[in-house]
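Please consider the structure shown below. A short exchange of questions and answers accompanies it.

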Amino acid sequence: MEPILECRNLYKSYRGKPALRGLNLSVYAGRIVGLLGPNGSGKTTLIKLACGLLTPTSGQVLIKGRAPDATTKALVSYLPDRNYLENWMTVQQALTFFEEFYQDFDPARAADMLSRLNIRPDMRFGSLSKGTKEKVQLILVMSRRASLYLLDEPIGGVDPAARDYILSTIINNYDPGATVLISTHLIADVEKVLDDVVFIRQGLVELCATVQEIREEKGCSVDELFREVYKC
């Protein structure tokens, strides 16, 4: 089976400072994968390379066997770790923008999720809390019928009461053949929805395993293993 996301000896440097140091990784379809590591480990760099927002210094990043281009970008739905919508926009304007820009966007799915969270389409982003903005952006991203969802800290600014709903939104709103890659520090919150985990440190993959393998072979949760591996 061909990986949906593959990294081959992937290097990325910023002004001579390495962020990825020959990273190798294969991620397959139909999985929810946690990309886990401390700050500065290269998680966001890897995601941006997969989106085609950055170019490798050397090595390859492939989406379904292709280097990022217009074809692969149509397969990828990306949630950045910061707000990307203008404060003057209303939620409805954002929906319209996504519907016009992405052929795979499902406006009915987006409207249903907004309704469940009591977010009105006429609300302006400038009037929304940080957590509500993150909810809207996640809904927009998950309302696409993409092959690969790349989510960079999707619940970082959301209150604990909303996290379960957001995680259920993630697992219930993508096709079984698609893949979700979630970068997060809130491991205990997301562990219950993960199939696989990738530990990354200093630009290299340190561990790649299924959640079940970790529990059976290590005798602990992913959160406990993470704290042990990355303890100060």
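The exchange below concerns a predicted model and takes up a helix pair and a strand with its partners.

Me: How are helices α4 and α5 oriented to each other?

Reply: Helix α4 covers residues 107-116 and helix α5 covers residues 130-142. Their axes come within 9 Å and cross at roughly 155°. Angles over 145 degrees count as roughly antiparallel. The two helices, α4 and α5, are therefore roughly antiparallel.

Me: How many nonpolar residues does the contact of α4 with α5 have?

Reply: From α4, the contact draws on Arg109, Ala110, Met113 and Leu114. From α5, Val136, Ile139 and Met142 take part. By class, the contact has no polar and 1 charged residues, and the nonpolar ones number 6.

Me: Is the crossing of α4 past α5 left-handed or right-handed?

Reply: The question applies to two helices whose axes cross at roughly 155°. The crossing in which α4 passes α5 is right-handed.

Me: How many residues of strand β7 are buried?

Reply: Strand β7 spans residues 179-183. Thr179, Leu181 and Ser183 point one way, Val180 and Ile182 point the other way, and all are buried. The strand is therefore largely enclosed by the rest of the structure, the buried residues being 5 of the 5.

Me: Which residue of β7 stands opposite Gly34 and which opposite Leu151?

Reply: Strand β3 (residues 32-36) pairs with β7 in the parallel sense over 4 bridges. Strand β6 (residues 148-152) also pairs with β7 in the parallel sense, over 5 bridges. Opposite Gly34 in β7 stands Ile182, and opposite Leu151 stands Ile182.

Conventions
Residues numbered from 1 in each chain as written. Predicted model: local features only at pLDDT ≥ 70, side-chain atom pairs only at ≥ 80, totals over all residues. Heavy atoms only, no water. Axes fitted to C-alpha atoms, helices over the stretch in contact; angles between N-to-C directions. Parallel < 35°, antiparallel > 145°, perpendicular 65-115°, else oblique. Left-handed = near helix turned anticlockwise from the far one by under 90°. Contact = heavy atoms within 4.5 Å. Nonpolar A, V, L, I, M, F, W, Y, C, P; charged D, E, K, R; others polar. Buried < 20%, exposed > 50% of the residue type's maximum accessible area, 1.4 Å probe, protein only. Pairing = 2+ DSSP bridges.
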